[in-house]
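Trainee: Could you pick one part of this structure and take a close look at it with me? I would like to see how that part fits in with what lies around it.

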Amino acid sequence: MSAVRSTAPAVLPQLLPHGAGMLLVDRVESLTPGRCLVAAHTVRADEPCFAAGADDGRLRYPPTLLLESMGQAAALLWMASTAYQHEQVPMLATVRGFRLLGPVFAGDVVRHRVRLEHCGQQSAMASATTEVDGVRVAEVESLLAVGRRPAELPAASAAPGEVASPPTKEKRA
Amino acid sequence: MTTTAARSPRLGHASPLTEMPMSDPSYANDAVVRLVEIPAGGAYQDSHFPEHPIFPGVFLAELCCRLALDLVDHAPAVWAVTQIRALRLVAPVHPGETLEVRTVRDAQAGPARNSVDVWSTFSRDGTVVGTAYVTLEPQP
């Protein structure tokens with residue numbers, strides 16, 4: 001059994017490659033590998049996006065970060081599937097049909113319900129809805145993630161555009 | 001180069017982006033074009049990913065929303081993002097790069113309502129690295 005599938009759902013988010021500032025899933029509440037997942041994130045008032053405050057005092061969460069949080073939940077569902085190929089970095093590739101149905105504020109707990117629509121070794125597609133206190137606040141028709149090998153990605157010390165190692169033939173094509 | 005902070009109207013949600021130097025808008029036909037410098041760091045960006053820093057793809061959609069403000073009337077002053085209809089990430093965008101962003105208002109889309117549908121195309125050295133299609137509505 002892989003490291004992901006043998007990890008307790010509650011601590012699964014720690015397996016995402018994101019650092020603390022961009023880790024937008026706090027916990028996995030339920031998981032059926034290969035099928036569905038429920039994950040939650042508490043929107044904290046001390047998240048960097050709120051540093052400038054708000055004119056009306058109400059801190060509205062950026063829809064793009066809500067989408068990122070949904071995407072991370074979907075990535076965890078893919079990583080917990082038998083098809084997932086390890087030693088790759090899951091990255092968002094396409095999004096279709098994201099709708100924000102209600103505002104999300106600091107202090108809200110967003111709960112994502114993700115369903116895996118398609119799953120392969122190097123890509124996966126999911127749909128998702130998000131609720132706050134049982135009320136749907138967002139939905140997305142499809143999220144497509146692809147796996148990229150670390151060698152294709154820039155190292156932390158690399159110059160802009162420079163990858164960790166020479167790109168492969170298929171990358172150059 | 002100017003920064004996003006000086007522009008109005010504005011979006012109604014908190015900004016996840018650090019200040020991003022960008023050129024003044026250049027208008028051509030129905031499109032507006034800006035050059036945007038992707039910052040080398042930022043509160044969110046630094047952790048996406050610590051070992052392989054890549055500009056978060058969702059932030060291209062955020063940029064599209066910001067640049068849509070170049071194409072809306074100044075009243076109402078505050079706009080809400082209600083849809084990210086499509087986001088396509090063709091290639092990773094790295095910190096320190098400069099992107100050309102061409103943004104067009106889609107006059108054909110949507111029913112007769114007070115919403116704005118906007119396309120952005122993000123290019124690096126003439127090659128498209130991503131596209132985003134968003135809908136903004138006046139914030140109640």
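Mentor: Happy to! Let us begin with a word we need: two residues are in contact if their C-beta atoms, placed from the backbone, lie within 7 Å. Keep in mind throughout that this is a predicted model.

The part I have picked is the place where the two chains touch. Chain A brings 38 residues to the contact, and chain B brings 36. On the chain B side, two elements each supply at least two residues: helix H1 (58–68) and strand E4 (78–89). Which of the elements gives the most to that side of chain B? The answer is E4(B), with nine residues. Sorted by class, the side of chain B that touches chain A holds 19 nonpolar residues, 11 polar ones and six charged ones.

Now follow E4(B) across to the other chain. Strand E3 of chain A, residues 89–100, is joined to E4(B) by five bridges, and the two strands run antiparallel. You can find one spot in this arrangement by looking for Leu87(B) in E4(B), which has Val95(A) standing opposite.

E4(B) also has a partner within its own chain. It pairs with strand E7 of chain B (residues 127–138), again in the antiparallel sense, over nine bridges. Here Gln83(B) has Thr135(B) in E7(B) as its bridge partner. From E7(B) you can step on to strand E6 of chain B, residues 116–124: nine bridges join these two, which are antiparallel as well. Look for Ser123(B), whose bridge partner in E7(B) is Val128(B). E6(B) and E7(B) form a hairpin with two residues between the strands, and Asp125(B) in that hairpin has a positive phi near 50°.

What about the helix on the chain B side of the contact? All the way along, H1(B) is well covered: 11 of its 11 residues are buried, so the helix is largely enclosed by the rest of the structure. Among these buried residues are Phe59(B), Leu63(B) and Cys64(B), and also Glu62(B) and Arg66(B). In the loop between E3 and H1 of chain B sits Phe49(B), and the peptide bond leading to Phe49(B) from His48(B) is cis, with omega near -5°. As background, most residues other than glycine have a negative phi, and most peptide bonds are trans.

Let us step back to chain B as a whole. Its secondary structure amounts to one helix and seven strands, in the order β-β-β-α-β-β-β-β from the N terminus. The radius of gyration is 14 Å, close to the 14 Å that the globule rule gives for 140 residues, so chain B is as compact as a globular protein of that length. Of its 140 residues, 44% count as buried. Take contacts in chain B between residues at least 6 apart in sequence: 65% of them join residues at least 24 apart.

Glu37(B) gives you a view of another place in chain B. This residue lies in strand E3 of chain B, residues 31–37, and its C-alpha atom is 25 Å from that of Gln83(B). Is Glu37(B) buried, exposed or partly exposed? It counts as partly exposed, because it has 15 C-beta neighbours inside 10 Å. Setting aside neighbours within four places in sequence, Glu37(B) is in contact with Met20(B), Pro21(B), Met22(B) and Thr98(B).

Across the contact, chain A has a helix worth finding too. H1(A), residues 63–79, has 17 of its 17 residues buried. After it comes a loop between H1 and E3 of chain A, where Glu87(A) lies. Glu87(A) has a positive phi near 60° and counts as exposed, with 7 C-beta neighbours inside 10 Å. Asp133(A), in the loop between E5 and E6 of chain A, also has a positive phi, about 50°, and is exposed, with 9 other C-beta atoms within 10 Å.

How far can you trust chain A? Its pLDDT averages 86, and 87% of the residues score at least 70. Confidence is highest in strand E5 of chain A, at 98, and lowest in helix H2 of chain A, at a mean of 36. Over residues 163–173 of chain A the pLDDT is below 50. Where pLDDT is low, the predicted coordinates should not be read in detail.

Methods
Residues numbered from 1 in each chain as written. Chains lettered and ligands numbered in written order. Predicted model: local features only at pLDDT ≥ 70, side-chain atom pairs only at ≥ 80, totals over all residues. Helix = DSSP H or I, 4+ residues; strand = E, 2+ residues; numbered from the N terminus. Nonpolar A, V, L, I, M, F, W, Y, C, P; charged D, E, K, R; others polar. Pairing = 2+ DSSP bridges. pLDDT = per-residue confidence, 0-100. Buried ≥ 20, exposed ≤ 12 C-beta atoms within 10 Å, placed from the backbone. Rg over C-alpha atoms; globule rule 2.2 N^0.38 Å.
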